[in-house]
Amino acid sequence: MSLNSSSHQLSLKQQEHWSIKGKLGFKSPDKKQSANFRWQQTQQQYQLNLTSIIGTSLLKMQGNEEVATLVADDETYQDSDPSHLIWRVTGWQIPVEKMRFWIKGQHQNNDKVITSEQGWVSQLQPICNNCKNWLINYDNYKLIDNIWLPHKVVLRNKSNNSQLLVRINAWDLHE
């Protein structure tokens with residue numbers, strides 16, 4: 001089985017309404033944490049919910065291209081930079097504004113990409129402002145509604161030696 005990489009990228013680009021559920025693991029030299037998550041994407045709008053292993057809400061974040069709002073511990077925070085906002089409140093490095101592309105294995109024109117023999121992205125080194133320190137590895141692709149989507153994504157940040165492990169249990173492309 002092999003895909004045409006460019007037509008696969010085009011079908012990923014066309015997916016603008018989706019949601020995923022799974023588990024996030026964050027690891028830095030001095031801390032290790034995990035949470036369950038749900039991410040909903042509708043074009044530019046996103047919503048991220050993190051819950052503890054027992055189901056307690058840790059944070060709810062929503063935003064678009066202009067502003068992000070985060071609610072944690074009954075406090076509300078806002079920022080125009082969603083990655084900075086989540087880092088400020090939790091200490092987690094999550095590239096929120098790029099996540100809607102990266103989570104699907106979708107790359108931009110200048111990015112350095114390693115494609116698997118099947119035709120999907122196995123490694124992505126993004127080339128853009130604020131993302132040159134990221135290296136993303138993809139694994140465990142499964143066919144969801146005729147599109148191959150990753151179910152394991154590991155994002156490493158070379159600037160602070162942190163890692164974000166995303167295990168996706170469910171993709172829904174009809175949000």
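User: I'm new to this structure, so let's start small. Which residue stands opposite Thr 51 in strand 4?

Analyst: Happy to help! Thr 51 faces Ser 57 there. Please keep in mind as we go that this is a predicted model.

User: How do strand 3 and strand 4 pair, and over how many bridges?

Analyst: To read a pair of strands, look at the sense of the pairing and then at the bridges. Strand 3 covers residues 45-51 and strand 4 covers residues 57-63. Their pairing is in the antiparallel sense, and it runs over 6 bridges.

User: Now the wider view. How many strands form the sheet, and in what order?

Analyst: A sheet is read by walking across it from strand to strand. Here 11 strands make an open sheet with antiparallel pairing. The walk goes 6-5-4-3-2-1-11-10-9-8-7.

User: Which strands stand at the edges, and why is one side of each left without a neighbour?

Analyst: Those are strand 6 (75-79) and strand 7 (112-115). Each has a single partner strand, so one side of each has no neighbour in the sheet. As you walk across, the twist from one strand to the next averages 20°.

User: Which strands does each helix lie across?

Analyst: Take the helices in turn. Helix 1 (residues 5-14) lies across strand 7, strand 8 (121-125), strand 9 (134-144) and strand 10 (147-157). Its angle to strand 10 is about 85°. Helix 2 (residues 82-90) lies across strands 2, 3, 4, 5 (68-72) and 6, and runs at about 145° to strand 6.

User: How do I look for a cavity?

Analyst: Empty space shows up when a probe the size of a water molecule is rolled over the atoms. In this model the count is 1 cavity of 30 Å³ or more, with a volume of about 60 Å³.

User: What lines the largest cavity?

Analyst: The lining is made of Ile 20, Leu 24, Phe 37, Trp 39, Leu 48, Ile 94, Met 99, Ile 103 and Val 166. Sorted by type, that gives 9 nonpolar, no polar and no charged residues. Strand 1 (17-28) and strand 2 (31-42) each supply at least two of them.

User: And the largest pocket: what is its volume?

Analyst: About 340 Å³. Its lining has 17 residues, and the closest to the centre are Ser 83, Glu 97, Asn 130, Cys 131 and Trp 134. Helix 2 and helix 3 (96-102) are the elements giving two or more residues to this lining. By type, the lining of the largest pocket divides into 6 nonpolar, 8 polar and 3 charged residues.

User: Is Trp 102 buried or exposed?

Analyst: Under 20% relative accessible area counts as buried. Trp 102 has 2%, so it is buried. This tryptophan lies in helix 3. Leaving out residues up to four places away in sequence, Trp 102 touches Pro 95, Leu 124, Pro 126, Cys 131, Trp 134, Ile 136, Tyr 138 and Leu 155.

User: One last feature: what is the phi of Asn 140, and of Asn 146?

Analyst: Neither is a glycine, yet phi is positive in both: about 60° for Asn 140 and about 70° for Asn 146. Asn 140 belongs to strand 9 and is partly exposed, at 39% relative accessible area. Asn 146 sits in the loop between strand 9 and strand 10. With 73% relative accessibility, Asn 146 counts as exposed.

Technical notes
Residues are numbered from 1 along each chain as its sequence is written. This is a predicted model: local features need pLDDT of at least 70, side-chain atom pairs count only at pLDDT 80 or more; totals for chains, interfaces and linings use all residues. Side-chain values use heavy atoms; hydrogens and water are left out. On a 1 Å grid over the protein atoms alone, a cavity is a set of points where a 1.4 Å probe fits but cannot get out, and a pocket is an open set with protein on both sides within 12 Å along at least five of seven lines; lining residues have an atom within 4 Å of a point. Grid points are joined across faces, edges and corners, and a volume is the space filled by probe spheres set on the points. Helices (H or I, at least four residues) and strands (E, at least two) are DSSP runs, numbered from the N terminus. Ala, Val, Leu, Ile, Met, Phe, Trp, Tyr, Cys and Pro count as nonpolar, Asp, Glu, Lys and Arg as charged, and the others, Gly among them, as polar. Two strands pair if DSSP finds at least two bridges between them. Axes are lines fitted to C-alpha atoms, for helices over the stretch in contact, and angles run from 0 to 180 degrees between N-to-C directions. Contact means heavy atoms within 4.5 Å. Buried means under 20% relative accessible area, exposed over 50%, partly exposed in between (1.4 Å probe, protein chains only).
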